[in-house]
Amino acid sequence: GPELFSLNYVQERQTQSDTTALSPEDLIATLTHFSAEAIGLAINALEGSNKKPLLFLSGGGMHNPVLTGTLRDLLPADYVFKTTAELGVHPDAKEAVLFALLANETVAGTGAGFMNMPSVTMGKISFPG
């Protein structure tokens, strides 16, 4: 999130990697390609599972034609890209749905255990009264 990945963070990493001479356009292009590569590697790591060549996109990245185009280029041609709207979830509501789900599971006492993840506490839930 922006609390970690700020302009200051980017400038520090550019100094560490000796890439401060990159133009802003080249920097954004590099970071966008890196993001697409990371997503593609994660998807390809699912080999051996019963994965299907169907991806549901959501969030801000789905509006970035360079990111989605690069991802399409990196994955096999049989992949079909859809948005979560086809599942009944507005694609721009991803974080709101996730936080509502986590809050519900916290109130129910299951925490993040329903996702086979260690329980994580973020923030607090406040009830009226």
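Where is the place of L71? In this predicted model, L71 sits in helix α3, and a good part of the picture can be built outward from there.

First, the overall layout. The protein chain carries four helices and two strands, and walking along the sequence gives the pattern α-α-β-α-β-α. Of the 129 residues in the protein chain, 18% are buried. As for how the chain folds back on itself, take the contacts between residues at least 6 apart in sequence: 57% of these join residues at least 24 apart.

Back to L71, then. With a relative accessible area of 6%, L71 falls under the 20% cut-off and therefore counts as buried. Setting aside neighbours within four places in sequence, L71 is in contact with A36, I39, G40 and F81. Three of the partners just named, A36, I39 and G40, also turn up on the α2 side of a helix pair, which is the next thing to look at.

Helix α2 spans residues 24-44 and helix α3 spans residues 65-74; the two pack at an angle of about 45°, with their axes 9 Å apart. What does that make the two helices, parallel or oblique to each other? An angle of about 45° is neither under 35 degrees nor within 65 to 115, so α2 and α3 are oblique to each other. Their crossing is right-handed. On the α2 side, the contact is made by T32, H33, S35, A36, E37, I39 and G40, while α3 brings V66, L67, T70, L71 and L74.Several of these residues can be followed one by one. T70, like L71, belongs to helix α3. T70 is buried as well, because its relative accessible area is 16%. Not counting residues up to four places away in sequence, T70 touches H33 and A36. A36 is thus a partner of T70 and also of L71.

Across the way, H33 has its place in helix α2. Is H33 buried or partly exposed? At 37% relative accessibility, H33 counts as partly exposed, whereas its partner T70 is buried. H33 and L71 are 38 residues apart in sequence, yet their C-alpha atoms lie 8.5 Å apart in space. A similar reading comes from S35: L71 and S35 are separated by 36 residues in sequence and by 8.9 Å in space, C-alpha to C-alpha.

Moving towards the N terminus, Q14 is found in helix α1. Q14 counts as buried because its relative accessibility is 11%. Leaving out residues up to four places away in sequence, Q14 touches T19, T20, L22 and L27. L27 falls within helix α2, residues 24-44, so this contact of Q14 links α1 to α2.

The loop between α1 (7-17) and α2 holds D18. D18 is not a glycine, but it has a positive phi of about 55°. That is worth a second look, since most residues other than glycine have a negative phi. D18 is exposed, with 68% relative accessibility against the 50% cut-off.

Next come the charged pairs. How many salt bridges does a search of the whole structure find? The search turns up two. Side chains of opposite charge can pair when their charged atoms come close. One of the bridges joins the side chains of E12 and R13, at 3.2 Å from N to O. E12 is partly exposed, with 38% relative accessibility, and R13 is partly exposed too, at 32%. The other bridge joins the side chains of K82 and E86, with 3.5 Å between N and O. Here K82 is partly exposed at 30%, whereas E86, at 53% relative accessibility, counts as exposed.

Finally, helix α4 covers residues 94-108, which makes 15 residues. From its first C-alpha to its last, α4 reaches 21 Å, close to the 21 Å expected at 1.5 Å a residue. Just after α4 comes G109, with a positive phi of about 85°. A positive phi therefore appears at G109, just after α4, and at D18, in the loop between α1 and α2.

Key. Residues numbered from 1 in each chain as written. Predicted model: local features only at pLDDT ≥ 70, side-chain atom pairs only at ≥ 80, totals over all residues. Heavy atoms only, no water. Salt bridge = Lys/Arg side-chain N within 4 Å of Asp/Glu carboxyl O. Buried < 20%, exposed > 50% of the residue type's maximum accessible area, 1.4 Å probe, protein only. Expected span 1.5 Å × (residues − 1). Axes fitted to C-alpha atoms, helices over the stretch in contact; angles between N-to-C directions. Parallel < 35°, antiparallel > 145°, perpendicular 65-115°, else oblique. Left-handed = near helix turned anticlockwise from the far one by under 90°. Contact = heavy atoms within 4.5 Å.
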